[in-house]
Amino acid sequence: MRTRWDWKATLGPPAARAGHYNSAWGYWVTDGLGLFELLTLCELLHSTCQMSIYTGYSMGRRYVPVAQSETFAQDAVDMLDFANAAPASSPWAAVRERMGHAAPFGLSRVEVGNEERDMSGEGYPAHYELITRRLWAAYPSLHIVASGRWGPPIEGSPCLTGQRCDLWDDHYYRPPDVMAAMGGEYDRYNRSLPKVYVGEFAANGGAKRSLRAALAEAIFMIGFERNADVVVASSFAPLCNNVRGTQWAYNLVNLNSSRLFVLPSYHVQTLLSSALGAHTLPATLTPPYAQGVKAFSRRRGLSSSKPPQPRLTTAPPASRWIATASMDARARLVNLKLVNYAPNARPVDVAWSGERAFARVLNATVLTAASADAQNNLSMPDAVAPAALDPPPALGPTGLSIAMPPWSLVVVTVALGDQ
């Protein structure tokens with residue numbers, strides 16, 4: 001507990017911060033990147049911020065008894081005050097003002113705990129109840145994420161025993177071929193359970209930072225989009241790594257004092273997030289996604305009783321592939337995202353039955369390389385990088401045709417014509 005990240009110790013001038021030893025991962029932390037800097041970073045990135053709250057559990061240790069854990073609940077309320085309160089109403093908000101940010105940050109979501117293990121009555125459920133009761137009393141509209149499914153049994157979780165859970169946090173670290181088989185992970189999700197934030201995931205088994213791993217992650221992420229009524233957010237982990245002090249081999253952004261490179265996984269993240277529609281369409285895949293997963297047929301948020309249902313068809317062999325379609329009716333755009341996790345090229349025909357026909361292809365981007373095992377590094381930072389799809393998709397009277405290279409992610413945005 002003494003070596004946990006204590007946000008209060010990260011305030012004030014960075015040079016004056018004492019820092020601390022991270023005993024969980026075995027390195028010294030200067031605390032130069034503290035709570036204020038993290039909130040500022042999220043603001044600069046126009047990103048929704050989520051901060052994690054210490055519950056009294058440290059890796060390999062027992063929980064601090066609930067009767068001695070009130071300080072953790074108070075720390076959580078103080079953190080929200082620092083982020084959101086008016087300077088005149090809170091001493092912690094006054095500290096924020098003195099650090100140069102008088103306006104509230106607007107922190108709206110926190111996670112209570114992380115990879116919590118003990119689901120007995122005096123373990124995580126009791127600590128979750130203590131902290132959330134105090135937080136919601138002070139900030140009733142706050143969204144709180146609970147520790148979710150990450151390995152150990154979750155029987156007894158506060159989310160399963162009557163406590164309020166706005167979301168819970170699932171974590172997945174798998175070998176690439178295993179994650180490539182997980183595109184249907186949330187197709188069969190029990191919709192009575194909490195909505196999901198997939199807070200940590202990576203196809204890092206074997207620690208090969210390759211195109212193959214990135215495409216496996218793309219398949220998994222397309223499964224999130226196809227189940228957008230359940231999976232409301234996701235984040236790759238870990239994010240940044242100094243190559244001269246590595247504790248974890250598989251990181252999205254890698255740097256030294258003068259250069260950096262990103263994993264192919266970074267390009268997957270940016271390509272998929274840059275083509276988000278307002279609604280996920282009920283696309284049908286022929287042949288369907290491998291491993292016997294049923295073709296996706298769920299729709300959400302569409303005003304029409306008969307939404308467009310694109311059909312994506314490819315020829316055998318039916319080695320693993322997946323696709324999704326989304327629509328922005330106001331902008332008259334359709335986004336198609338397809339992954340070919342196979343050594344053979346894959347021609348795909350997209351049949352479109354919408355009231356507005358496909359008018360023109362606005363963008364077609366591919367992420368691929370000569371080998372599934374291609375990697376980026378400091379010497380070759382762009383060995384795997386997005387490029388224009390060549391040949392581009394061909395428009396036809398009822399849809400379009402896409403030629404997918406082996407081992408590839410393809411993202412296509414199509415403009416719709418007049419009705």
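Okay, let me start with one residue: Arg-134 is partly exposed, at 21% relative accessible area. Keep in mind that this is a predicted model. What does the Arg-134 side chain meet in a salt bridge? Its partner is Glu-70, with N to O at 2.0 Å. Arg-134 sits in helix H4, residues 124–138, and Glu-70 in helix H2, so this pair links distant parts of the chain, 64 residues apart. Glu-70 is partly exposed as well, at 36% relative accessibility.

That one isn't alone, by the way. Searching the whole structure turns up 12 salt bridges. Stay with helix H2, residues 70–84, for a moment, since Asp-78 is in there too. The Asp-78 side chain meets Lys-8 at 2.8 Å, N to O. Lys-8 is in the segment before S1, 70 residues away from Asp-78 in the chain. Buried or exposed, which is Asp-78? Buried, since its relative accessibility is just 8% and the cut-off for buried is under 20%. Lys-8, at 25%, counts as partly exposed. And the pair belongs to something wider: Arg-4, Lys-8, Asp-75 and Asp-78 are linked in a network of salt bridges.

One more salt bridge, and then I'll move on. Arg-332 pairs with Asp-418, and the closest N and O atoms are 2.9 Å apart. Arg-332 is in the loop between S15 and S16, while Asp-418 is in the segment after strand S22 (408–416), so the bridge ties together parts 86 residues apart in sequence. Asp-418 is exposed at 65%, and Arg-332 is partly exposed at 31%.

Arg-332 is also worth a look for its backbone. Phi is positive there, about 60°, and it's not a glycine. If you want to find the spot, the loop runs between strand S15 (321–328) and strand S16 (333–340). His-46 is another non-glycine with positive phi, near 55°. That residue is in the loop between helix H1 (35–44) and strand S3 (50–53), and His-46 is exposed, with 75% relative accessible area.

While we're on the backbone: cis peptides. The bond from Thr-286 to Pro-287 is cis, omega near -10°. Pro-287 is in the loop between strand S13 (284–286) and strand S14 (311–314). Then there's Asp-390 to Pro-391, also joined by a cis bond, with omega about 5°. Pro-391 falls in the loop between strand S19 (386–388) and strand S20 (394–396).

Okay, cysteines. How many disulfides do we count? The count is 1. Cys-159 and Cys-165 make the link, with the sulfur atoms 2.2 Å apart. The angle about the S-S bond is -95°, which makes the link left-handed. Cys-159 is buried at 13%, and Cys-165 is buried at 14%.

Now, Cys-42 is the one you may want to zoom in on. Its nearest cysteine sulfur is on Cys-49, 3.3 Å away, and Cys-42 is in no disulfide. Why no disulfide here? Because a disulfide needs the two sulfurs within 2.5 Å, and this pair is at 3.3 Å. Cys-42 is buried, at 17% relative accessible area. Cys-240 isn't in a disulfide either; the nearest cysteine sulfur, on Cys-42, is 12 Å off. Cys-240 counts as exposed, at 52% relative accessibility.

Next, the inside. In soluble globular proteins, nonpolar side chains tend to be buried together. Here the largest nonpolar core has 115 residues, and the members touching the most others are Val-110, Leu-135, Tyr-186, Leu-336, Leu-338, Ile-402 and Leu-409. Which helix gives this core its largest share? That's H6, residues 211–226, with 11 residues.

Take Leu-135 as an example from that core. Skipping neighbours within four places in sequence, Leu-135 contacts Ile-53, Ala-76, Val-77, Leu-80, Val-110, Val-112, Leu-142 and Ile-144. Val-110 shows up again there, and both are on the list of members that touch the most others.

Last thing, out on the surface. Trp-25, Tyr-27 and Met-59 form a nonpolar patch, together about 330 Å² of accessible area. Trp-25 is in the loop between strand S1 (20–22) and strand S2 (27–29), and at 42% relative accessibility, Trp-25 counts as partly exposed.

Definitions and conventions. Residues are numbered from 1 along each chain as its sequence is written. This is a predicted model: local features need pLDDT of at least 70, side-chain atom pairs count only at pLDDT 80 or more; totals for chains, interfaces and linings use all residues. Side-chain values use heavy atoms; hydrogens and water are left out. A nonpolar core is a set of buried Ala, Val, Leu, Ile, Met, Phe, Trp, Tyr and Cys residues joined through side-chain atoms within 4.5 Å. Buried means under 20% relative accessible area, exposed over 50%, partly exposed in between (1.4 Å probe, protein chains only). Helices (H or I, at least four residues) and strands (E, at least two) are DSSP runs, numbered from the N terminus. Contact means heavy atoms within 4.5 Å. Patches are made of residues with over 30% relative accessible area and no salt bridge: like charges are joined within 9 Å, nonpolar side chains (Val, Leu, Ile, Met, Phe, Trp, Tyr) within 5 Å. Accessible areas come from the Shrake-Rupley method with a 1.4 Å probe; for residues, only the protein chains shown count as cover. A salt bridge is a side-chain nitrogen of Lys or Arg within 4 Å of a carboxyl oxygen of Asp or Glu.
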